[in-house]
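Colleague: Hey, I'm new to this one. Could you pull it up and walk me through it?

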Amino acid sequence: MMRVLVACEYSGTVRDAFISAGHDAISCDILPTDNPGPHYQGDVRDMLFERWDLIIAHPPCTYLCNSGVCHLHKDPTRWAKLEDAASFFKLFLDIDGPRVAIENPIMHKYARELIGGSKQNQVVQPWMFGHAETKATCLWLKGLPNLQPTNNVKEELKGMHKRDIQRLHYLPPGPERAKIRSKTYQGLADAMASQWGCLYD
Ligand SMILES: C[S@@+](CC[C@H](N)C(=O)[O-])C[C@H]1O[C@@H](n2cnc3c(N)ncnc32)[C@H](O)[C@@H]1O
């Protein structure tokens with residue numbers, strides 16, 4: 001059984017995939033968890049340096065992601081926020097000991113420089129894991145193999161409307177928009193649990 005910390009997760013999706021696979025997993029977020037289960041509501045730095053076999057982290061991407069890079073040049077206050085976000089991301093990159101996976105969208109060049117130039121190990125898409133949608137998701141991996149697609153449904157995208165393929169991009173504004181957009185896809189969470197959950201020593 002692995003001891004798994006799912007950092008920056010309010011949804012419990014990855015946590016519950018590991019629990020279903022027989023592991024001792026806990027999620028942590030400054031928000032409460034949306035689904036009942038083991039969850040620490042608070043700053044992940046309170047528990048990051050405990051003994052973990054595996055850490056899966058979903059650090060905030062607002063100031064790091066390429067899709068937001070244009071705002072940096074319009075709003076100078078974002079540079080300091082970018083530095084904070086990059087330092088937070090680097091906490092997971094630099095942690096010594098456990099296996100680590102960090103998930104984030106495509107990063108812009110300033111963020112990449114601030115995290116020390118480290119390049120993601122792979123870019124995955126929801127359609128590789130049974131969801132007929134696109135959303136490029138990068139994974140930085142330490143001590144873990146690249147994820148293998150579990151259910152490639154790319155063919156289904158042909159003929160689908162762009163608004164459906166990029167469902168998350170086209171979500172209407174609303175109080176839940178950011179939360180819905182950042183929730184991990186179930187197929188990706190299940191692949192992590194089945195392919196990485198078997199690696200314990
Ligand atoms: C991009 S979202 C990830 C959501 C995740 N994929 C899920 O399914 O729940 C980033 C999350 O990091 C959380 N967060 C930000 N700073 C944090 C901190 N210092 N400690 C713990 N969680 C934090 C936010 O509240 C937010 O829910």
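Modeller: Sure, here's a quick chat about the ligand and the empty spaces around the protein.

Modeller: Keep in mind that this is a predicted model.

Colleague: Got it. How many residues surround the ligand, and which are the closest?

Modeller: There are 17 around the ligand, and the closest are Tyr10, Ser11, Asp29, Val44 and Ser182.

Colleague: What does that shell look like by class?

Modeller: The shell around the ligand has seven nonpolar residues, along with five polar and five charged ones.

Colleague: Which polar backbone atom is 3.0 Å from a nitrogen atom of the ligand?

Modeller: That one belongs to valine 44. Isoleucine 30 also brings in its backbone, with an N or O atom 3.4 Å from a ligand nitrogen. With threonine 184, a polar side-chain atom does the job, lying 3.1 Å from a nitrogen of the ligand.

Colleague: And how much of the ligand does the protein bury?

Modeller: On its own the ligand exposes 610 Å², and the protein buries 87% of that.

Colleague: Where does the ligand sit, in terms of pockets?

Modeller: The ligand takes up the space of the largest pocket. That pocket has a volume of about 1,400 Å³.

Colleague: What lines the largest pocket?

Modeller: The lining has 44 residues, and Pro60, Cys61, Thr62, Pro105 and Ser182 lie nearest the centre of the pocket. Split by class, this lining has 18 nonpolar, 14 polar and 12 charged residues.

Colleague: Which helix gives the largest share of that lining?

Modeller: Helix 7, with five residues. Strand 2 (24-29), helix 3 (78-94), strand 5 (99-104) and helix 7 (177-182) each supply at least two residues of the lining.

Colleague: Changing topic: how many cavities of 30 Å³ or more are there?

Modeller: The count comes to two. The largest cavity has a volume of about 70 Å³, and the second largest holds about 30 Å³ of space.

Colleague: Which residues line the largest cavity?

Modeller: Its lining is made of Glu103, Lys135, Thr137, Ser182, Lys183, Thr184, Tyr185 and Leu188. You've met two of those names already: Ser182 is among the residues closest to the ligand, and threonine 184 has that side-chain atom 3.1 Å from a ligand nitrogen. By class, the lining of the largest cavity has two nonpolar, three polar and three charged residues.

Colleague: And what about the lining of the second largest cavity?

Modeller: For the second largest cavity, the lining residues are Thr62, Tyr63, Cys65, Gly68, Val69, Leu72, Arg78 and His108. Four of the residues lining the second largest cavity are nonpolar, three are polar and one is charged. Thr62 also turns up among the residues nearest the centre of the largest pocket.

Key:
Residues numbered from 1 in each chain as written. Predicted model: local features only at pLDDT ≥ 70, side-chain atom pairs only at ≥ 80, totals over all residues. Heavy atoms only, no water. Near = heavy atom within 4 Å. Polar contact = N/O pair within 3.5 Å; in protein donor to acceptor, adjacent residues only side chain to side chain. Areas by Shrake-Rupley, 256 points an atom, 1.4 Å probe, with all protein chains shown as cover. 1 Å grid on protein atoms, 1.4 Å probe; cavity = no way out; pocket = protein on both sides within 12 Å on 5 of 7 lines; lining within 4 Å. Sits in = over half its atoms within 2 Å of the grid points. Nonpolar A, V, L, I, M, F, W, Y, C, P; charged D, E, K, R; others polar. Points joined across faces, edges and corners; volume = space filled by probe spheres on them. Helix = DSSP H or I, 4+ residues; strand = E, 2+ residues; numbered from the N terminus.
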